[in-house]
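Colleague: Please take a close look at the salt bridges in this model. Which side chains pair up, and where do they sit?

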Amino acid sequence: MRPDNQLTEETKRHIQVMKNTLNMNLNCWKTCLVLVGICVLGWGSVFGQFPAANPGGVTTNLVGWLKADLGNGCIAGAPTSPCTTPGAWTDQASGNTWAIDSDPQWRVPEINFNPIMRLDNNDNYKRAALLASQNMTVFVVLQTDDDTDNGNNRDAPAILSGEEGGVGNDWYLVHQDGDIHWVIADASGVESQIDSDVHRYNENNPYLISADRHQTDGRMSLFINGGLFADSITGANTLTLSSGGETSIGEHPDNSDGQMDGDWAEVLIYDAELGQNQRERVESYLALKYGLTMPHDYLSSSGGVIY
């Protein structure tokens, strides 16, 4: 065999192609091994923590956690799908319940074989408490084909929202014709908002929304499937909401017409701005569970790289 420096250019190209193919196959095998570990050993073995109590190992400041695979009246015994009697939804962070309005449906399998809670524009879940009022980080796994465009955020279909009480002094994730808006609004109607500016999140494909807020300087960030879409600080609202009010899924706090059609798989609310490592650990837990691809490393509950 000739030394490497005497190989023809064509042979070198063939060798490089084989190397690239091998690297791609190794990456695929790493992904498969993680998924097999989850199926065979369970989430706890992969993440190093028992997931029912630790989403990505991040529990400090966790004030709200709803999962379609726990805490509702459709999962006892041998559940049938669709189930139209889910009843109140038990919060895995506190044990408190979110009250039901109208007739949501529980369905399985939906997102990567996991169940969802399907809400239409007459349904919502509410918790009689404003769970986050100053610094906050929220996560939602959702799929929808809602194409409503009401022209303004106060009338838009709401994914997740919190209100101090009355009109104004709210925060909300809303959906406008496939575009995601993250908004802080005061009682006078002044809004600080950032949005994904990409009208494609209404094609009934699952995606993960992560959004945070730093109250003292008003900074807000929005991530879709772990990638940063928008980050704003100039002129952002620094209002502090009181701890009263309520938190809602599927309904706008200021407008009962701002209800949304969609499938909610999991919702997490922290009353703190999570650091990057903490946020990516929660995103990794959700992405692996729901089969989502992210641009950053998948992290274990201890913060180490899974792959």
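Modeller: The count comes to 10 salt bridges. The model is predicted. Three of the pairs are worth walking through.

Start with Glu251 and Lys126. Their closest N and O atoms are 2.7 Å apart. This salt bridge links distant parts of the chain. Glu251 belongs to strand S16 (residues 251–252), Lys126 to strand S6 (residues 124–127), and 125 residues separate the two. The partners differ in exposure. Glu251 has a relative accessible area of 8%, so it falls under the 20% limit and counts as buried. Lys126, at 25%, is partly exposed.

Next comes Arg219. Its salt bridge with Asp217 has the closest N and O atoms 3.0 Å apart. Both side chains are partly exposed: Asp217 has 26% relative accessibility, and Arg219 has 24%.

Arg219 also meets Glu273 in a salt bridge, at 3.0 Å from N to O. Here the sequence gap is 54 residues. Arg219 lies in strand S13 (residues 219–224), while Glu273 sits in the loop between strand S18 (262–270) and helix H3 (276–290), so the pair ties together parts that are apart in sequence. Glu273 is partly exposed too, at 25% relative accessibility.

Shared partners also matter elsewhere. Asp69, Glu266 and Lys289 are joined into one network by salt bridges that share partners.

How values were computed
Residues are numbered from 1 along each chain as its sequence is written. This is a predicted model: local features need pLDDT of at least 70, side-chain atom pairs count only at pLDDT 80 or more; totals for chains, interfaces and linings use all residues. Side-chain values use heavy atoms; hydrogens and water are left out. A salt bridge is a side-chain nitrogen of Lys or Arg within 4 Å of a carboxyl oxygen of Asp or Glu. Helices (H or I, at least four residues) and strands (E, at least two) are DSSP runs, numbered from the N terminus. Buried means under 20% relative accessible area, exposed over 50%, partly exposed in between (1.4 Å probe, protein chains only).
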